[in-house]
Amino acid sequence: MGTAALVMGILQFFCLGPIGSVLAIIFGVIGIRKAKDGTATNGGTAKAGMWLGIAGLILSLIALVVLIVSGAWIFKAASESLDPANNTRTGLADGRYVMDPNVWLHVNNDCSFTGVPYSAETNEPGPSSVTVVGSGPQQCGPGGSSNNRVVTFTVTNGTATIESVEVG
């Protein structure tokens, strides 16, 4: 049992994960008991396997917490990016604008694009980076991983509306 505990304790880090951790702990406890009873001579090996199992289980729980927290953060950031209220927060004067977005996101039928807008008439850059949100194939353009995108949008009464997205 001590040898099995040690093997499970080592393999948990490579291929068995939390299952190996639990097995290492169980086999380690059984091996330690057998060593105390005098029916086994590898109590030290059993202890090492058990402690490796405990360490692996703790690391697995930490990894799970990190995964859940980072997933929640990514979901929150994506939700905020796709908020249609971003279209009223551009701070741009009424007019027509063009943007080569440096960040874009497509989720189902919704999209958002973030970048520095340029006036379509004067080719002057806007004061800062903005995010515009759209919905549907005309406003979002095709999905995919092309980084060469040109977003054309208008601002009317302080609210941006995407006219088109061209992918080059």
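Student: Let's start with Asp110. Where is its place?

Tutor: Asp110 belongs to strand E3. A strand here is a DSSP run of E with at least two residues, a helix is a run of H or I with at least four, and both are numbered from the N terminus. This is a predicted model: local features need pLDDT of at least 70, side-chain atom pairs count only at pLDDT 80 or more, and totals for chains, interfaces and linings use all residues. Residues are numbered from 1 along each chain as its sequence is written, and side-chain values use heavy atoms, leaving out hydrogens and water.

Student: Why does Asp110 count as partly exposed?

Tutor: Buried means under 20% relative accessible area, exposed means over 50%, and partly exposed is in between (1.4 Å probe, protein chains only). Asp110 comes out at 33%, so it is partly exposed.

Student: And what makes the link between Asp110 and Ser135 a polar contact?

Tutor: The definition asks for a pair of N or O atoms within 3.5 Å; within protein, one must be able to donate a hydrogen and the other to accept it, and residues adjacent in sequence count only if both atoms are side-chain atoms. The side chains of Asp110 and Ser135 make such a contact at 3.1 Å.

Student: Which residues is Asp110 in contact with, neighbours within four places in sequence aside?

Tutor: Contact means heavy atoms within 4.5 Å. By that rule Asp110 is in contact with Leu82, Leu105, Gly134, Ser135 and Cys140.

Student: Why is E3 called largely enclosed by the rest of the structure?

Tutor: Five of its six residues are buried, so the description fits.

Student: How do you know that E3 and E5 are paired?

Tutor: Two strands pair if DSSP finds at least two bridges between them. Strand E3 (residues 110–115) and E5 have six bridges, in the antiparallel sense. Gly115, for instance, stands opposite Val130 in E5, and Thr114 has Thr131 as its bridge partner there. On E2, Trp104 is matched with Phe113 in E3; E2 and E3 run antiparallel and are joined by five bridges.

Student: What order do the strands of this open sheet take?

Tutor: The order is E2-E3-E5, three strands with antiparallel pairing.

Student: What makes E2 and E5 edge strands?

Tutor: Strand E2 (103–107) and strand E5 (130–135) each pair on one side only. Neighbouring strands here are turned by 10° against each other on average, direction ignored; the axes are lines fitted to C-alpha atoms, for helices over the stretch in contact, and angles run from 0 to 180 degrees between N-to-C directions. The hairpin of E2 and E3 has two residues between the strands, and Asn108 takes a positive phi near 55° in it.

Student: How do you know that Cys111 and Cys140 form a disulfide?

Tutor: A disulfide is a pair of cysteine sulfur atoms within 2.5 Å. The sulfur atoms of Cys111 and Cys140 are 2.2 Å apart, which meets the cut-off. The pair links distant parts of the chain: Cys111 is in strand E3 and Cys140 in helix H3 (residues 136–140), 29 residues apart. The count comes to one disulfide.

Student: Why is this disulfide called left-handed?

Tutor: The torsion about its S-S bond is about -85°, so the disulfide of Cys111 and Cys140 is left-handed.

Student: Are these two cysteines buried or exposed?

Tutor: Cys111 has a relative accessible area of 0%, so it is buried. Cys140 is buried too, at 3%. Cys15 has 57%, so Cys15 counts as exposed.

Student: What makes a nonpolar core, and which residues touch the most other members of the largest one?

Tutor: The core is a set of buried Ala, Val, Leu, Ile, Met, Phe, Trp, Tyr and Cys residues joined through side-chain atoms within 4.5 Å. The largest has 14 residues, and Phe113, Val132, Val151, Phe153 and Ile162 touch the most other members. Strand E1 (95–99), E3, E5, strand E6 (149–156) and strand E7 (159–167) each supply at least two of its residues.

Student: Why is Gln12 called buried?

Tutor: Its relative accessible area is 6%, so Gln12 is buried. Gln12 lies in helix H1 (residues 2–37), and its side chain reaches the backbone oxygen of Leu52 at 2.5 Å.

Student: And why does Asn87 count as buried?

Tutor: Asn87 has 10% relative accessibility, so it counts as buried. Its place is the loop between helix H2 (43–81) and E1.
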